[in-house]
Amino acid sequence: MSSPFAPPTGTTNVTSPRLFRAVAVIDDAALQGAVKASADLVGKNLKGRIGFASSPLSDKQKFNPAYWKQLDAATASGASIRRTSCPTSPSTTSSTTR
Amino acid sequence: MPDVALYDIVDNPLSYSMECASAIKVVLNLALLQTLGSERFRRAVADAGGLRIGQGVYEALLLKTMKRETSSSVPADQFPGMASADFESTMMPGDAVYMINLAPTPLGVQAGWRGENALALGGGNFFGHGVPNGPYPVTAGTIRGHMMSPGLWDRTPDFATAIGTRSANPKIKNGPPWWVDEYFHHDATVVKTLGLP
């Protein structure tokens, strides 16, 4: 069984960039619809789910280039994202009431 | 190009592994891309110093676009005791929420189940990343059921909760077993201006 923190192997095949036009009206409804559509895009692919990593990388792993895939804009291949844990909620500073 | 990087995650999901906070940021950035269009999204990302996605605070672009609607703004171990259903009734589709496990075991913390970042989709459904064998969409009950499963959750009288130093507080000991807190959503007023000349 491979380690959940094994470095990615090989390269990924990336299709041509999808080009999107801005929506005609940007309002709450448009954004809510976009979030739902994006969640569907990521969540409905039952055969190809993004993996779940629950533990943070050690500094040794974090700074090891083998754990990162660099984005090559020229060939549109690869992307990088760090594997981390989920110990805290996100936070921002602004505050309003609905 | 940031849009290419985002869609590489969509196209090659098995090449990636992340926790719940990063997963919802991927979705929220995809929503911005689809709303702003490719050119404006690239400009907005460039203005924000690049696309970075990771745990913790909302980074750069998302920090700018996310509006905080309500939160106790109180540490999890000092929450005021409102039933989670009250929060759920005020959620809107697109809200990013944090579901707190109020009594995680040390194993629960180690396994990443101190809480779950999720996106409200409406109708009681959520996008939540990491629930084993979880369907999509997932309900709050499914997430709660997993977080409160034996081994990940324990509220026996003498059990010291893993969420903070005030574990002896009666509100924690006798309060609801979990909590939904801190919801955020894209602010249309701000998003409209992103990437404009």
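User: Does D40(A) count as buried or exposed?

Analyst: Quick heads-up that this is a predicted model. The cut-off for buried is under 20% relative accessible area. D40(A) comes out at 17% relative accessibility, so the label is buried.

User: Which residue forms a salt bridge with D40(A), and how far apart are the closest N and O atoms?

Analyst: The closest N and O atoms of this salt bridge are 3.1 Å apart, and D40(A) forms it with K36(A). K36(A) counts as partly exposed, at 34% relative accessibility. So the answer is K36(A), at 3.1 Å.

User: About how many helical turns separate K36(A) and D40(A)?

Analyst: An α-helix has 3.6 residues a turn, so residues three or four places apart point the same way. K36(A) and D40(A) sit four residues apart in helix 1 of chain A, so the separation is about one helical turn.

User: Which residue is linked with K36(A) and D40(A) in a network of salt bridges?

Analyst: A search over all chains turns up six salt bridges. K36(A) and D40(A) belong to a network of them. The other residue linked in that network is K44(A).

User: What kind of aromatic pair do F20(A) and Y7(B) make?

Analyst: There are three aromatic pairs over all chains. In the F20(A) and Y7(B) pair, the ring centres are 5.8 Å apart and the planes meet at 25°. Planes under 30 degrees apart count as stacked. With 25°, then, the F20(A) and Y7(B) pair is stacked.

User: Where do F20(A) and Y7(B) lie, and what does the pair join?

Analyst: F20(A) lies in the segment before helix 1 of chain A, and Y7(B) is in helix 1 of chain B. F20(A) is partly exposed at 25% relative accessible area, whereas Y7(B) is buried at 7%. Since one ring belongs to chain A and the other to chain B, the pair joins two chains.

User: How many of the 10 residues of helix 1 of chain B are buried?

Analyst: The buried residues of this helix include Y7(B), along with L6(B) and I9(B). What covers them includes helix 1 of chain A, together with strand 1, helix 2 and helix 3 of chain B. Helix 1 of chain B is largely enclosed by the rest of the structure, because the buried count is nine.

User: What kind of pair do Y58(B) and F184(B) make?

Analyst: The ring centres of Y58(B) and F184(B) are 5.5 Å apart, with the planes at 65°. Planes over 60 degrees apart count as edge-to-face. At 65°, the Y58(B) and F184(B) pair is therefore edge-to-face.

User: How many residues apart are Y58(B) and F184(B)?

Analyst: Y58(B) is in the loop between helix 3 and helix 4 of chain B, while F184(B) is in strand 7. Both residues are buried. The pair links distant parts of the chain, and the separation is 126 residues.

User: Which residue lies over the face of Y58(B), and which residue forms a salt bridge with E59(B)?

Analyst: One residue does both jobs: K25(B) lies over the face of Y58(B), 5.5 Å from the ring centre, and K25(B) also forms a salt bridge with E59(B), with the closest N and O atoms 3.5 Å apart. E59(B) is in the loop between helix 3 and helix 4 and K25(B) is in helix 2, so the salt bridge ties together parts that are 34 residues apart in sequence. K25(B) is buried, with a relative accessible area of 1%. The residue you want in both cases is K25(B).

User: Where does the salt bridge partner of K67(B), D187(B), lie?

Analyst: The closest N and O atoms of K67(B) and D187(B) are 3.7 Å apart. K67(B) is in strand 2 of chain B, 120 residues from D187(B). D187(B) itself is in the loop between strand 7 and helix 9 of chain B.

User: Which element gives the most to the largest nonpolar core?

Analyst: In soluble globular proteins, nonpolar side chains tend to be buried together. Here the largest nonpolar core has 40 residues, and Y58(B) is one of those that touch the most other members. Helix 1 of chain A is among the elements giving two or more residues to this core. The top contributor, with 10 residues, is helix 2 of chain B.

Note on methods
Residues numbered from 1 in each chain as written. Chains lettered and ligands numbered in written order. Predicted model: local features only at pLDDT ≥ 70, side-chain atom pairs only at ≥ 80, totals over all residues. Heavy atoms only, no water. Phe/Tyr/Trp six-rings, centres within 6.5 Å; stacked < 30°, edge-to-face > 60°. Buried < 20%, exposed > 50% of the residue type's maximum accessible area, 1.4 Å probe, protein only. Lys NZ or Arg CZ within 6 Å of the ring centre and 35° of its normal. Salt bridge = Lys/Arg side-chain N within 4 Å of Asp/Glu carboxyl O. Contact = heavy atoms within 4.5 Å. Core = buried A, V, L, I, M, F, W, Y, C linked by side-chain atoms within 4.5 Å.
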